[in-house]
Structure formats: structure tokens, C-alpha cells
Amino acid sequence: MDELKIFSQMKDTLRFPIYAKISLIIIGLFAFTEILFITQSIILPIIYSVIIAILLNPIINFFVNKKINRVLVISVTLVLALALTFLIITLLSIQIGKLSDSFPKFLVKFNQLIGVCTTWVSENFDISKDKINLFITQKRTEIVKESSTAIAKILLNTGNSLVVLLLIPVYIFLILFYKSHLLNFIHQVFNKTEFSKVDDVLISTKQIIQSYLIGLLLEACIVAFLNSTALLIIGIEYAILLGVMGAILNLIPYIGGLIAISLPLLIALATKPLTYGMYVLAAYILIQLIDNNFIIPKIVASKVKINALISIIIVLVGGALWGVAGMFLALPLTAIIKIICDHIEPLKPWGVLLGNPDENSKPWFIKQKA
């Protein structure tokens, strides 16, 4: 009895006021975020490797079940995947090289377009051309300086990036090879009574990553076809390259679509009359409407049950934390977190917050009144 009394007194003593709890939570989140930012060069390759390994796992299992050596299957699959990736990058690089050869012509057209815009602004807003030209010159100088700094940073980070790219295939091979060992470790971390929940989380995570990535790939192919077809019909140069690049940028949720529109629009304004720019803008807006209202809900969003508000927030947070890579990973990682929350009783409210609202369910305050 005395021990229970002492334990109760210690428990009462260790209770923190609400402001102290909130402060601890904020400090913990800040420390956790800082760790993720500092260790991104270590964490990001591992996350990408795990996702790609999960995507390739059905192929590996199919051939292993046919009594083919596991190491041979993993090696051949990785070599073929790397060869396909290298082929796509090479084709895009060739097209980008041809596009860069046309930059002098684009520059002349841009200068002509800027001259027309300067004259129009000067005549309609009563601003002298000298002031407008001075402003353009200052901004151009700032852009050149910022671009030089960005290029220098890219060159400095190229070595690290190459090391990371070389590590990813190694990680994928080892994750696929030690899959059973890793799954056994995860099971041993939890009690036997929790095995069913752990299996449910693992199976759901595997299914959502596979379906989400396949859905993204299918969406990218459809959008690339629509972009390229529209630009070919309008008569824009490098239509296929711009269409494919737009589809790749479109993989970044919500933000990528806006960047994808700007590239062909600039090319159209630099090489064609102004009306062609309007055609490109109208075509891309129509494609974005089709993508957002038909393709994404049916192919991609149905796999990741995250509501739009949370999606936008986490994409911005992912971009601030890990850049473009963080934007791409934001939705699948949040979907995995939602799966975990849905299977752990104290975390279920957070799963509800992340997910889409159930149209048939009433808010708790309406239920209380009823």
C-alpha cells in the first residue's frame, strides 16, 4: 500500500501544466524537423530505395516463385530498370541539348517582345521608357547573379548527388535481398498480440505505395500525351519535349502544374505571335482541368485518401524541408502515417484529420444534439 501511495504521489508530482506540455511538443517537433533537414542526404536515398524496392517486389516474387535464384532475379531487374532510366534521361538530354542550341534565337525574340511590352506600358501608364528599361536591367542583373550562385551550389553538390545516385541501387538490392530479415525484425519489435495489426499496416503500406506509384506513372503518360498533342496541333517547337517535361513537373502535387504551364508559354511567346501564347495557355488550362477533375480522382487520389487541405500543407512543408524531393514524397509518406494512425487507437483522431471526410457521418456536436 505504501508503495502504491508513493507511486501515486510521484505521478501527481510529474504532471505538467498545459503550457509546459505544449512547449515540450513544440521543442520536440522543432528538434525532429531539424534532424530530418540535417540528415536529408542520408534519409532521402533510403526512403526512395524503400519505395522503389516495394514497387519492384512483385516482379522479384514472381520469378523467385518460379525457382529462379533470388540474387540473379534482383540483379537482372535492377540492371533493366537502370538501363531504362538511363535511356529516358539520354533521350531527354538530347532534346534539351537541341533546345539549348536555339537559345540565341529565343533571346532575340524575347528582346523584341520586351520592347513591345515596354512601349505598351509606357503609352498606357505614362511611364518613361528609360525608367522601365532601367528596372528591367536591374532585375536582369539580379537574376544573373542569383543564377550564378545557384549554378555554383549545384556544381558543389554534384559530387554528393552522384554518390547518392550510386548508393540507391545498392540500397535497393540489399533491401530486396534482406526483405525477410527486415520483416522479421519489425515483428520482433512488437508483442505477439500486435502481430495482426503490424501485418495490416505493412500490407496496406505496400499496397498504397504500389498503387500510388503505378497511378502516378499512368497519369504522367496520359498528361504527356495530352500536352504533346496539344502543342503539336498549335504548332509549338519541341512539342514532345515540352509535353514530357510538363508531365514530369506535374508529378509535384498542386505546384508542378503551374510550373509546367510556364515553359511552353515562354517558348510560344518567344517564337510565335501573341495569340499562340493564348492558345497554349487555354490548352494547358483545359488539360489541368481534365487532370484534376478526372485523371487524378480516378487513378491517383483514389489510392491516397488524404484531404485537399492537408495535401497542400504537407506538399509545402515537404518542399521547405527537402525541396522538390520532399514535395514528391509528401503524399505517400503522409498516406503511410495515416495508415499507422488508423491502426493505433490513441492516434485514430489524427487519421481522421488526415483523411477525407465521410459524407454520411455527422459532426459530433450534431450527434450530441440529436
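Okay, let's start right at a helix contact: on the α8 side we have Ala 220, Val 223, Ala 224, Asn 227, Ser 228, Leu 231 and Leu 232, and they meet Ala 239, Ile 240, Leu 242, Gly 243, Val 244, Gly 246 and Ala 247 in α9. Sorted by class, that contact has 10 nonpolar residues, four polar ones and no charged ones. And before I go on: this is a predicted model, so please hear everything with that in mind.

How do these two helices sit against each other? Two numbers do the job here, because a packed pair is described by the angle between the axes and the distance between them. For α8 and α9 the angle is about 145°, and the axes are 8 Å apart. The crossing is right-handed.

Let me pick one residue out of that contact, Ser 228. Ser 228 belongs to helix α8, which covers residues 195–234. Buried or exposed, then, for Ser 228? Buried: the relative accessible area is 9%, and the cut-off for buried is under 20%. If you ignore residues up to four places away in sequence, Ser 228 touches Ala 239, Ile 240, Gly 243 and Val 244. Those four also turn up in the α9 list I opened with.

Now, α8 itself. With 40 residues at 1.5 Å each, α8 should span 58 Å, and its end C-alpha atoms are 58 Å apart, so expectation and model agree. Just after α8 comes Gly 235, with a positive phi of about 100°.

Staying in that part of the chain, look at Tyr 238. Tyr 238 is in the loop between α8 and α9, with α9 being 239–249. Tyr 238 isn't a glycine, yet its phi is positive, about 55°. As a reminder, most residues other than glycine have a negative phi. In terms of accessibility, Tyr 238 comes out at 21%, so it counts as partly exposed.

There's another residue like that, Lys 67. Again not a glycine, and again a positive phi, about 70° for Lys 67. You'll find Lys 67 in the loop between α3 and α4, where α4 is 70–101. Lys 67 is exposed, with a relative accessible area of 77%.

From that loop, let's step back into α3, starting with how α3 meets α8. Their axes come within 9 Å and cross at roughly 90°, so α3 and α8 are roughly perpendicular to each other. From α3 the contact uses Ile 51, Ile 54, Leu 55 and Pro 58, and from α8 it uses Lys 206, Ile 209, Gln 210, Leu 213 and Ile 214. The split by class is seven nonpolar, one polar and one charged.

α3 has another partner, α13. Here α3, residues 40–64, packs on α13, residues 324–343, at an angle of about 50° with the axes 12 Å apart. That makes the pair oblique, since the angle isn't in the parallel, antiparallel or perpendicular range. α3 passes α13 in a left-handed crossing. Which residues make the contact? From α3 it's Leu 44, Ile 47, Tyr 48 and Ile 51, and from α13 it's Ala 325, Phe 328, Leu 329 and Leu 333. By class, that's eight nonpolar, no polar and no charged. If Ile 51 sounds familiar, Ile 51 is also listed in the α3 contact with α8.

One more visit to α3, this time coming from α4. Thr 77 lies in helix α4, and at 12% relative accessibility Thr 77 counts as buried. Beyond residues up to four places away in sequence, Thr 77 touches Leu 56, Ile 59 and Ile 60.

Last residue for today: Gln 288, in helix α11, residues 274–300. Gln 288 is buried, with 15% relative accessible area. Leaving out neighbours within four places in sequence, Gln 288 is in contact with Asn 250, Gly 257 and Ile 261. Then there's Val 223, which we met in α8 at the start. Gln 288 and Val 223 are 65 residues apart in sequence, while their C-alpha atoms are 8.7 Å apart in space.

And to zoom out before I stop: the chain has 15 helices and zero strands. Of its 370 residues, 28% count as buried. Taking contacts between residues at least 6 apart in sequence, 66% join residues at least 24 apart.

Technical notes
Residues are numbered from 1 along each chain as its sequence is written. This is a predicted model: local features need pLDDT of at least 70, side-chain atom pairs count only at pLDDT 80 or more; totals for chains, interfaces and linings use all residues. Side-chain values use heavy atoms; hydrogens and water are left out. Axes are lines fitted to C-alpha atoms, for helices over the stretch in contact, and angles run from 0 to 180 degrees between N-to-C directions. Helices (H or I, at least four residues) and strands (E, at least two) are DSSP runs, numbered from the N terminus. Angles under 35 degrees count as roughly parallel, over 145 as roughly antiparallel, 65 to 115 as roughly perpendicular and the rest as oblique. A crossing is left-handed if the near helix is turned anticlockwise from the far one by less than a right angle, and right-handed if clockwise. Contact means heavy atoms within 4.5 Å. Ala, Val, Leu, Ile, Met, Phe, Trp, Tyr, Cys and Pro count as nonpolar, Asp, Glu, Lys and Arg as charged, and the others, Gly among them, as polar. Buried means under 20% relative accessible area, exposed over 50%, partly exposed in between (1.4 Å probe, protein chains only). The expected span of a helix is 1.5 Å times one less than its number of residues.
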